[in-house]
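Here is a short set of exercises to work through with the model open beside you. Try each task before you read its solution.

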Amino acid sequence: MNEAAPAQHDEFLRALKGAFMRGQWQNEAVRKAGDGGVEEVEKGVFGPKPGGVPYIWPWSMVRGFLDQSCEVVPQSFTSRRSLLFNNPGLAKGTTNSINMGIQMIRPGELAWAHRHSISALRFVIEGNPALFTVVNGVKHPMSNYDLVLTPAWNWHDHHNGPDRHGIWLDVLDGPIVGALNQVFFENFGPEQQPLANAPGETLSVLALPDNVIPPHARSGPEARIVFPWAEVEAKLKAAASGPGSAYDGVVLEYTDPTTGGPVLPALSCWAQMLRPGESTKPHRHTSSAVYFVIRGHGRTIVGDTELEWGPNDCFAIPNWATHEHRNLSATSDAVMFSVNDIPLVRFLGLYREEPEVSITRTPGQPGSDIVRAP
Ligand SMILES: [Fe+2]
Ligand SMILES: [Fe+2]
């Protein structure tokens with residue numbers, strides 16, 4: 001570059017900017033300034049920094065907020081009485097791609113019927129025989145730890161009986177749908193959908209008129225909206241006699257029986273068990289995940305952060321953050337439900353996973369009893 005070049009360069013950039021254009025080399029200059037979310041740019045090899053930070057929302061705190069929410073928001077109306085978990089390292093979202101929240105419905109309440117292009121799922125924390133969700137006119141009961149799907153653009157409303165409150169976890173692909181500018185929402189009109197179920201039935205044909213049923217509605221006897229926990233737990237216990245995964249312990253993926261694939265296009269649900277005393281090896285992957293602890297006590301180490309968890313706690317593991325799990329009990333298992341964005345990341349051809357073999361730990365640091373060869 002000759003001496004006149006810097007001025008020419010600046011003038012050129014101004015002209016480009018005026019034409020709403022920019023040079024690709026300008027992106028690299030931003031990265032070198034440390035603002036690009038990259039590693040090792042000087043070596044010409046870089047990748048993402050973890051999206052957000054590891055974080056835990058303890059049940060002892062969340063439960064109190066749920067009670068308060070019933071006083072502050074007296075009716076569980078269309079927007080729901082839902083408390084969302086915002087990652088402290090992100091502008092919004094629980095991870096870069098997943099929203100997780102928790103909501104309470106009081107005795108006798110109805111959460112109005114609506115639909116949206118954001119896919120959602122419910123994982124029941126406190127169910128009861130009179131708690132149910134209606135999806136496209138079909139009533140689905142909600143018992144403890146059942147998974148209930150409300151896929152994109154499917155009508156849904158939630159109901160509770162007169163005796164007890166209900167609590168469930170909401171997990172949604174909102175950050176993905178929002179980033180693609182694809183958010184649509186529609187109220188059903190009447191507060192609740194007409195029910196197709198005869199008394200005592202949990203499955204039946206749709207009661208909605210054909211022109212109201214979404215084109216990709218999940219309906220019919222083969223459709224799977226609810227995954228009862230009893231079924232999942234039995235499979236998890238059966239799998240516990242096998243070797244499991246070095247990185248996840250005993251882990252099962254919920255699958256859609258019509259496709260054999262994940263239960264939602266962007267999100268996959270897992271049930272996971274850490275057997276008594278079990279510790280997993282550290283690894284990282286380009287998918288992120290949110291966790292709910294069903295039972296047990298353990299510790300998940302994410303980078304230099306220790307998340308110590310117990311029943312009903314929720315936590316987030318950002319993508320591309322090295323992590324490992326430990327069951328802190330030598331006599332009891334620990335069981336978790338989690339949701340990740342592996343289906344979307346895989347679909348885009350972006351999934352990477354690697355054991356983290358470069359770390360060594362010294363006494364006094366998190367995970368001090370783990371020493372791995374460099
Ligand atoms: Fe909804
Ligand atoms: Fe992992």
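**Exercise 1. Work out which element gives the most residues to the lining of the largest pocket, and describe that pocket.**

Step 1. Begin with the contributor: helix H4 leads, giving four residues to the lining. Helices (H or I, at least four residues) and strands (E, at least two) are DSSP runs, numbered from the N terminus.

Step 2. Next, the volume: the largest pocket has about 600 Å³. The search ran on a 1 Å grid over the protein atoms alone, where a pocket is an open set with protein on both sides within 12 Å along at least five of seven lines, a cavity is a set of points where a 1.4 Å probe fits but cannot get out, and lining residues have an atom within 4 Å of a point. Grid points are joined across faces, edges and corners, and the volume is the space filled by probe spheres set on the points.

Step 3. Now the lining: it counts 25 residues, and those closest to the pocket centre are Leu-84, Asn-99, Ile-118, Leu-172 and Gly-174. Two or more residues each come from strand E2 (82-84), strand E3 (99-105), E4, strand E10 (166-172) and H4 (174-179).

A word on the ground rules. This is a predicted model, in which local features need pLDDT of at least 70 and side-chain atom pairs count only at pLDDT 80 or more, while totals for chains, interfaces and linings use all residues. Residues are numbered from 1 along each chain as its sequence is written, chains are lettered from A and ligands numbered from 1 in the order in which they are written, and side-chain values use heavy atoms, with hydrogens and water left out.

**Exercise 2. Find the protein donors of the iron ion (ligand 1) and place them in the fold.**

Step 1. Look for donors, meaning N, O and S atoms within 2.8 Å of the metal (3.2 Å for Na, K and Ca); water is not among the atoms, so sites may look incomplete. The NE2 atoms of His-114, His-116 and His-156 qualify, at 2.1 to 2.2 Å.

Step 2. Read their spacing along the chain: H-x1-H-x39-H. His-116 belongs to strand E4 (residues 110-116) and His-156 to strand E9 (residues 156-159), so this pair ties together parts that are 40 residues apart in sequence.

Step 3. Check the burial: both His-116 and His-156 are buried (under 20% relative accessible area; exposed is over 50%, partly exposed in between; 1.4 Å probe, protein chains only).

**Exercise 3. Which residues coordinate the iron ion (ligand 2), and which residues line the largest cavity?**

Step 1. Coordination comes from NE2 of His-283, His-285 and His-323, at 2.1 to 2.3 Å. Their spacing reads H-x1-H-x37-H.

Step 2. His-283 has a relative accessible area of 1% and is buried; His-285, at 11%, is buried as well.

Step 3. Turn to the cavity, with a volume of about 70 Å³. Its lining includes His-285 and His-323, along with Asp-248, Trp-270 and Tyr-291. Strand E16 (289-295) and strand E21 (334-340) each supply at least two lining residues.

**Exercise 4. Give the strand order of the six-stranded open sheet, then examine E8.**

Step 1. The order is E2-E3-E10-E5-E8-E12, with antiparallel pairing. E2 and E12 are the edges, each with a single partner, so one side of each has no neighbour in the sheet. Two strands pair if DSSP finds at least two bridges between them.

Step 2. Strand E5 (residues 120-126) is joined to E8 by four bridges. Here Ala-120 faces Thr-150 and Arg-122 stands opposite Val-148.

Step 3. E8 is linked to strand E12 (residues 226-227) by two bridges, with Leu-147 opposite Phe-227.

Step 4. In a regular strand, side chains alternate between the two faces of the sheet. On E8 (residues 147-150), Leu-147 and Leu-149 lie on one side, Val-148 and Thr-150 on the other, and all are buried.

**Exercise 5. Is Pro-54 buried or exposed, and what does Pro-54 touch?**

Step 1. Pro-54 sits in the loop between helix H2 (24-35) and strand E1 (55-57).

Step 2. Its relative accessibility is 18%, so Pro-54 counts as buried.

Step 3. Leaving aside residues up to four places away in sequence, Pro-54 touches (heavy atoms within 4.5 Å) Val-302, Thr-305, Leu-307, Ala-316 and Pro-318.
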